[in-house]
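Welcome, and take a moment to turn the model around before reading on. The report below is meant as a friendly first tour.

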Amino acid sequence: MDMSSRKILDRGFTSLGIFSVVLMAVTLAVLLTPIIIRGAGAFVFRETVENRRFTFDVFGRGDEAALEVEVADAAKARQPVYDMVAEFRAEVGQMSGRRKRDMQGQLRTVENLLRELLGPFPGEPRPVMPRSRYGKPRWDRAEVALGRLLTVEDYDYSDPTQLGKKVLTPRVEKFRGTKLEELFDYLPAHAEAMLRPEWTLNWRFLTDEPVDANIFGGIWPALLGTIYLTVGAMLFAVPMGVVTAIYLVEYAGSSRIVSLLRTFVSTLAGVPSIVFGLFGLAFFLNTLFDLHLFNQVLGISRSKTVLAGSLTLALLVLPTIIRAAEEAIRAVPHSYKEAALSLGATRWRTVVTVILPASLPGILTGIIISMGRAAGETAPIIFTAAVALGKVPSLTELHQQPTPALPWNIYNLCSENQAIEEIRHVQYGMVLVLVGLVLLLNVAAILLRARISRKLRG
Amino acid sequence: MEVQSTTGSRVRRRAETKLCLSRRQSLVRGILGRLGHGLLFVMASSSLLAVLFIFAFIIRDAVPFFRLRGFSEFFTSPHWHPASADSPEFGALAILFDHALVTLCAAMFTVPLGIVAAVCLSDVLPFAIRQIVKPIIEILAAIPSVAFGFFALVILTPLFQNHGGNVLAGALWAVGVPVMLIVTWVLSDILSSKFKVGARKAARWTVAAVLAGIQVALLVYLGGKLSSLVIVSGTNALNVSLVLGIMALPTVVSVSEDALTAVGRELREGSYALGATRAETLVKVVMPAAGSGLFAAAILGIMRAFGETMVVWMAAGNSARIPSPWYNILQPVRTLTATIAGEMGETDQTYGAAHYHSLFAMALCLLIVSFLCNFAAEWFVRRTHKRMGKLAK
């Protein structure tokens, strides 16, 4: 091989490396960009008058007088629609035979689509479900609903060898020559007048209760539940982890015990998270909390609870905390310890007054990182703590009640909800909140560590 | 005044008593010290206890299944119908196969890329860029798995379903063209070295042209085939393998970077002094020296993909059958983790129900494999350190 080939191979290898580094950066960007952009849509969006009505009726927020004026204006703009529909209904009544049946069906479809867009017709009884009580709360969803009203989506199966082809035809074709024909010109022209969209910044998305399968309202229960679970996990994991690290570094005499314990720590770190979930179910719920002491005397429930979820998550993050704390304690200069011992302090006193304060920033870094890990884990809490719907328990019943949690609700909303398409913005918003929370914790940890290393260097 | 005098006397008394311990006091201190030590040991062995308890309880709930149904059905039958009322079947072969398939695909993608990226980080990129890339890797590692699952389900799945063929063809071209250029250059050089010096240049160009032609034809043919491919379901093994691979990348990168830095400067400098290029130094000297560490990195990365639940549950399609033909990764699959997550909620969660225990049997499989892998990885890591220690001496 001559020199140029060797050089090219060298460059090829280098570029492969740079390619994979760039790939990671690009992946991160590709992953985060849609989540950030579309997640922001949960906070900043064009709110229709229907959402303002909902917010006033359910949460009691908003200016009543201004809202009344607005609703009256919107009703004025909507009146021609209802008039046209009424006229057409009378027209259909005069038809006969097959055409009448056909047109009745068509009319019913249009009426239902109108109800979806604008809410119930005036004078109709008040529906039970909030989603049918109000029209579309968001302008982007209203535009989709309007599109479905204006065009008919059909599939063409004429070629049996191919999958059905989507065919879009304007709905107005079906109503040519009838009194409803005008409606399809009126709707797009006056949609904004009927729904009055306005840009809003809805930070209440974080603090509102969800209403009707998350179509309205926010994600407060899931957020609070995640905070409970994470903090709970830390309450159990931090003391255990830090004490283990202290023991490993300062107390364990023989290196055999240290390496044995360390092997078990890394084994624990390698256990798949779903296995933690099953273990939580089999041990905490089906065995430990089934005991008379826990169940009857302490009143801990045998079904999913925040307590069981926190314990399971604590086991999951234990290795991370142990490793971080061990590293931090090892990094404390030996002279500190020797000085304390030479002053006559006992070993424990040295640990508590000298070594722990000196290694605190490092330990905190580990704690923050494992908080991020605990907040984002789903599999361990599926069977031990999480429910899709429901309220967050109060602080006094954390040992008796399950809770919604962000990761589990994300799964639920995007694969088991009844209105998956309708609440895409909620799903993205939730993912954004979760990822934001975790990244915030991690950035804090990175900054903290940078400060420590600067301190150590300088 | 009075307060001052009392504190003064207390200090004096304390000083008198503390300087010299009586025998009783030192005995009490000794006992307390021992007790404290014992207590610390008990708390410190929490991780040990946790591991033992996890094994004990998973085994306890898995054993009744094997006692009820035996081993052979679980491992040899591909029919998984646990909820059938009259004749439930518990053949997990298809699920085991799918799990292995998804893990292997993810590994094939993540291990080479991760190791090369680690090499790049440790030897190629300047320090300033490294400082930027490391936090990126950390952030990638921190993103919750459910967010990756969401990405796979909501963004990748429609992409595959609607433009699957074109996406694959685009990826083929993006990877294929640079590879083709390098292969052409190097092969033409090697092949033309057989010719006489005078004719070498001409021979090289002809060989290069022929090689490039063959490869372009191959690319066009494969690209055409791929772009005419219709992916019926966007939730398939390829989709999750990609995402799992990305999730495992940070693990592979950080572990192998540690191994590569442990190799030390002397070996590298020796190799450069002998006239090797950077790639040759890395491939022939540094990577073999860090071999066991790189193995450990690969194993740990594969384990990350192996134990993942949410991504596969959300985006793998959840169909418990072996793809036909078996290597067809464009078909929906279902893994052990997804089965456990999906079915545990539906089963009767009581002791004695076969379905409940069958899921624990799956968990036991997961646990054993991850335990063995972990052990192997640890062994490899220790070996690297030992070797490097010897080299340093």
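What follows describes a predicted model, going from whole chains to single residues.

**The two chains at a glance**

Let us begin with overall figures for each chain, set side by side.

| Property | Chain A | Chain B |
|---|---|---|
| Secondary structure | 17 helices and six strands | 15 helices and two strands |
| Radius of gyration | 31 Å | 30 Å |
| C-alpha span along the principal axes | about 105 × 80 × 45 Å | roughly 105 × 75 × 45 Å |
| Buried residues | 41% of 458 residues | 39% of 393 residues |

For chain A, the globule rule gives 23 Å for 458 residues, and the radius of gyration of 31 Å is well over that, so chain A is more spread out than a compact globule. For chain B, a compact globule of 393 residues would have a radius of gyration near 21 Å, whereas the chain has 30 Å.

Contacts also tell us how each chain folds back on itself. In chain A, 72% of the contacts between residues at least 6 apart in sequence join residues at least 24 apart. In chain B, residues 24 or more positions apart account for 77% of the contacts with a separation of 6 or more.

**Domains of chain A**

The domain assignment divides chain A into domain 1 (3-40), domain 2 (48-201) and domain 3 (220-457). Taken over C-alpha atoms, the centres of domain 2 and domain 3 of chain A are 50 Å apart.

A pair of strands is a good place to look inside domain 2 (48-201). Strand S2 (residues 151-156) of chain A runs antiparallel to S3(A), and six bridges join them. One of the pairings links A:Thr151 with A:Pro170 in S3(A). Is strand S3 of chain A buried or in the open? Of the six residues of this strand (residues 165-170), the number buried is zero, so strand S3 lies largely in the open.

**Where the chains meet**

The contact between the chains takes 71 residues from chain A and 71 residues from chain B. On the side of chain B that touches chain A, helix H7 (residues 145-192) of chain B gives the most, with 13 residues. Sorted by class, that side of chain B has 54 nonpolar, twelve polar and five charged residues.

**The nonpolar cores**

In soluble globular proteins, nonpolar side chains tend to be buried together. In this model, the largest nonpolar core has 197 residues, and those with the most contacts inside it are A:Val275, A:Leu278, B:Ile58, B:Val243 and B:Ala363. Domain 1 (3-40) and domain 3 (220-457) of chain A each supply at least three residues to this core. There is also a second, separate core of 14 residues, which includes A:Leu114, A:Trp139, A:Ala145 and A:Leu195.

Which residues does B:Val243 touch, leaving aside its neighbours within four places in sequence? B:Val243 is in contact with B:Phe148, B:Phe151, B:Ala152, B:Val311 and B:Ala315.

**Some single residues to find**

B:Trp379 sits in helix H15 (residues 354-392) of chain B. B:Trp379 has 13 other C-beta atoms within 10 Å and is therefore partly exposed, since 12 or fewer would make a residue exposed. B:Ser292 is 87 residues away from B:Trp379 along the chain, yet their C-alpha atoms are separated by 8.7 Å.

Next comes the loop between helix H13 (310-315) and helix H14 (336-344) of chain B, where B:Pro325 is placed. A cis peptide bond joins B:Ser324 and B:Pro325, with omega at about -15 degrees. B:Asn318 is found in the loop between H13 and H14 of chain B as well. Phi of B:Asn318 is near 50 degrees, a positive value in a residue other than glycine. With 18 C-beta neighbours inside 10 Å, B:Asn318 counts as partly exposed.

Chain A offers another example of a positive phi: A:Arg196, a residue other than glycine, has a value near 50 degrees. A:Arg196 lies in the loop between helix H7 (183-195) and strand S4 (198-201) of chain A. How many C-beta neighbours does A:Arg196 have inside 10 Å? A:Arg196 has 19, and a residue is buried at 20 or more, so A:Arg196 counts as partly exposed.

Note on methods
Residues numbered from 1 in each chain as written. Chains lettered and ligands numbered in written order. Predicted model: local features only at pLDDT ≥ 70, side-chain atom pairs only at ≥ 80, totals over all residues. Helix = DSSP H or I, 4+ residues; strand = E, 2+ residues; numbered from the N terminus. Pairing = 2+ DSSP bridges. Core = buried A, V, L, I, M, F, W, Y, C linked by C-beta atoms within 7 Å. Domains from an automatic or database assignment. Contact = placed C-beta atoms within 7 Å. Rg over C-alpha atoms; globule rule 2.2 N^0.38 Å. Nonpolar A, V, L, I, M, F, W, Y, C, P; charged D, E, K, R; others polar.
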